[in-house]
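Me: I've got a protein model open and I'd like to talk it through. Can you take my questions one by one?

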Amino acid sequence: MTATAAAPAPRTQPHERPDIPRAKRSGLDLDLDRVCAGGPGELAADDHYRLKMYGVCAQRQDDLFMIRMRVAGGQLDARQIATVTDVARRFSDGHVHLTTRQNLELHSVELHNVPAIYDALSDVGLVGRSACGHTVRNVMACAESSTSVEEPFDVLPDARRLSALLVARSAELNVALPSRLNIVLGGCSRCGLDALINDIGLVARVQDGECGYQLWVGGSLGAAPRLSFLLRPFLRREEVWPAVWAVVEWFITVGDIDQIARARLKFLIEEHGEGALRQHFAARFPALWAEEQSPIDPVEAHGESQIGRSIALAPPQGWSPSVRPERTPGFASITVRIPRGDIRADQLDEIAALVAGAPLRCSREQNLVMTSIATNDVPRVVSGLSLLGLGPEGARSVVDITACPGLTFCSLALTGSQELATTLEQRLQARSDLSRDVSIAISGCPNSCAKQQIADIGLAGTKLRLDGQTMLGYHLVLGADLTRGVVGTPVVKLAEHEVPTAVEAVLESWAALRRPSEPMATTFARIGLATVGDAIAMRLRPDDDRLVVPEPAPA
């Protein structure tokens, strides 16, 4: 596990922040064996950042680390699952965490065990390189990429190829990238919308019988959300790599590794204009396309969907949001709800056994998706999941809350998003009178790891003043509707103890005011987000004005 290493830096004071530009200029490769053998106390500040290049991040807990693995396209085969669960039992807390970017994480790892873990995971193709830091992060794909009734063709081969090409260039990329880049591929309606909130989004299309993609660029959430713009209406599959590399080139060329706070691609587009990126792309793409490329795996455009027959051949318990028909009649996909994305290693092994070694998919909602299940076999699989304390029940519903690790592990978190998610789940399980067709996302800070700005109800950790005291709390975010190109807006600040009541108030208000079949965002847009925020604030504390959305100006 030895790479070309930067010269050892002198040990710095504990808790000193790494100087990221300095680390990039002096080199990011590490001799993992040497660095990890020295223990946390011997790490130079910049080595903490270098370790991120290998997917190794410090936790809140002293002397413990998190390892993040890239799962290109979100698909895990049987060998990978067996290796991850073995490593989790031997070297971490016995759990595996699923992220909103289709990665896997192991928490509470001791530094001296990192090389052994890294070797075991690398042997089965689970790459830690470029999983954290200013890198091109894991390349995501639709969790039902080969089976969806909507998808024009299987995007997974392109996602995996793109990830491999980018990781192969990580040594040159990671020292030059001003900030991170997020990439997503997909063809279903949900994945098409996700292209709007990622730096690079590739939306599958078939044009004149040829498989290819729309190219969207410049989206991101965080404290200053921005949606992507359409750079190219159609790229053939073999044009994807030169097109992506042309965007990466521009990002590096106009970006500045010293300007970390404003280094995301969206900020550079705002500064230089979409036209500057279009001009660079028009000049560089033909030259890059002319270069020799690695071969691409063939895929076929899906013919006309037999959706009617697929629906007719239902499992005995029928269809639901978490048991859905596949393109091939007689088969189903099952979403297994993994509360807060945390699953025990033994549970993951048993799920793999239920599908007899077939691949599992990680979803962007921190769940697992089982595909190609014969419809007459669905009762057996669901029964087996029930024995594990898991199943499709509640997946894609109001109790299927997306939450970042928060204060449980993350050193950047302000609030305990995991604990809040548990509390909300319990409260909402007991409220069968409230709509279930709602998404909730909780981030423990403004960084949007849980993507709270695209959920029906979003919560972002913050600090607030209440009754003369500074305390921890959340921004309540409402109004997201990506189909209309709208991200959620913070409407009111809440103390932590107020959040469950506020969430119930949101759901009750929507139930009282919605028109038939009207989505939450449409109802609240019609009423006005300021009005909704004001009503919730007054319900909680009638004398306290904490609105962050201005009241509309008088006509």
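What follows is a short back-and-forth on this predicted model.

Me: How many helices and strands does the protein chain have?
Reply: Both kinds of element turn up in this chain. The count is 18 helices and 20 strands.

Me: What radius of gyration does the protein chain have, and what would a compact globule have?
Reply: Start from the length, which is 555 residues. A compact globule with that many would come out near 24 Å, and the chain agrees with that. Its own value is 23 Å.

Me: What share of the residues is buried?
Reply: Here a residue counts as buried when its relative accessible area is under 20%. Out of the 555 residues in the protein chain, the buried share is 57%.

Me: What about charge: how far apart do the centres of the positive and negative sets lie?
Reply: The chain carries 56 positive side chains and 66 negative ones. Take the centre of each set, and the distance between the two is 2 Å.

Me: Why do the buried residues of helix 17 sit on the same side?
Reply: Helix 17 runs over residues 520–527, and its buried residues are Met-520, Ala-521, Thr-523 and Phe-524. They share one side of helix 17 because, going around the axis, they cover an arc of only 160°.

Me: And what covers those buried residues of helix 17?
Reply: Two strands and two helices are worth clicking on. The strands are strand 18 (457–466) and strand 19 (469–478). The cover also includes helix 16 (499–513) and helix 18 (529–540).

Me: Which residue follows helix 17, and what is its phi?
Reply: Right after helix 17 comes Gly-528. The phi of Gly-528 is positive, near 110°.

Me: Is Thr-462 buried or exposed?
Reply: Thr-462 is found in strand 18. Leaving aside neighbours within four places in sequence, its contacts include Leu-414, Met-471, Tyr-474 and Lys-493. With a relative accessible area of 12%, against a cut-off of under 20%, Thr-462 is buried.

Me: Where is Arg-364, and is it buried or exposed?
Reply: Look in the loop between strand 14 (360–362) and strand 15 (368–374). Beyond four places in sequence, Arg-364 is in contact with residues including Thr-100, Cys-142, Asp-194 and Lys-451. Its relative accessible area is 6%, so Arg-364 is buried.

Me: How far apart in space are Arg-364 and Arg-22?
Reply: In sequence the two arginines are 342 residues apart. Going C-alpha to C-alpha, the distance between Arg-364 and Arg-22 is 34 Å.

Definitions and conventions
Residues are numbered from 1 along each chain as its sequence is written. This is a predicted model: local features need pLDDT of at least 70, side-chain atom pairs count only at pLDDT 80 or more; totals for chains, interfaces and linings use all residues. Side-chain values use heavy atoms; hydrogens and water are left out. Helices (H or I, at least four residues) and strands (E, at least two) are DSSP runs, numbered from the N terminus. The radius of gyration is taken over C-alpha atoms; the globule rule is 2.2 Å times the number of residues to the power 0.38. Buried means under 20% relative accessible area, exposed over 50%, partly exposed in between (1.4 Å probe, protein chains only). Lys and Arg count as positive and Asp and Glu as negative; His and the chain ends are not counted. The place of a charge is taken as NZ of Lys, CZ of Arg, CG of Asp or CD of Glu. The arc is that of the directions from the helix axis to the C-beta atoms. Contact means heavy atoms within 4.5 Å.
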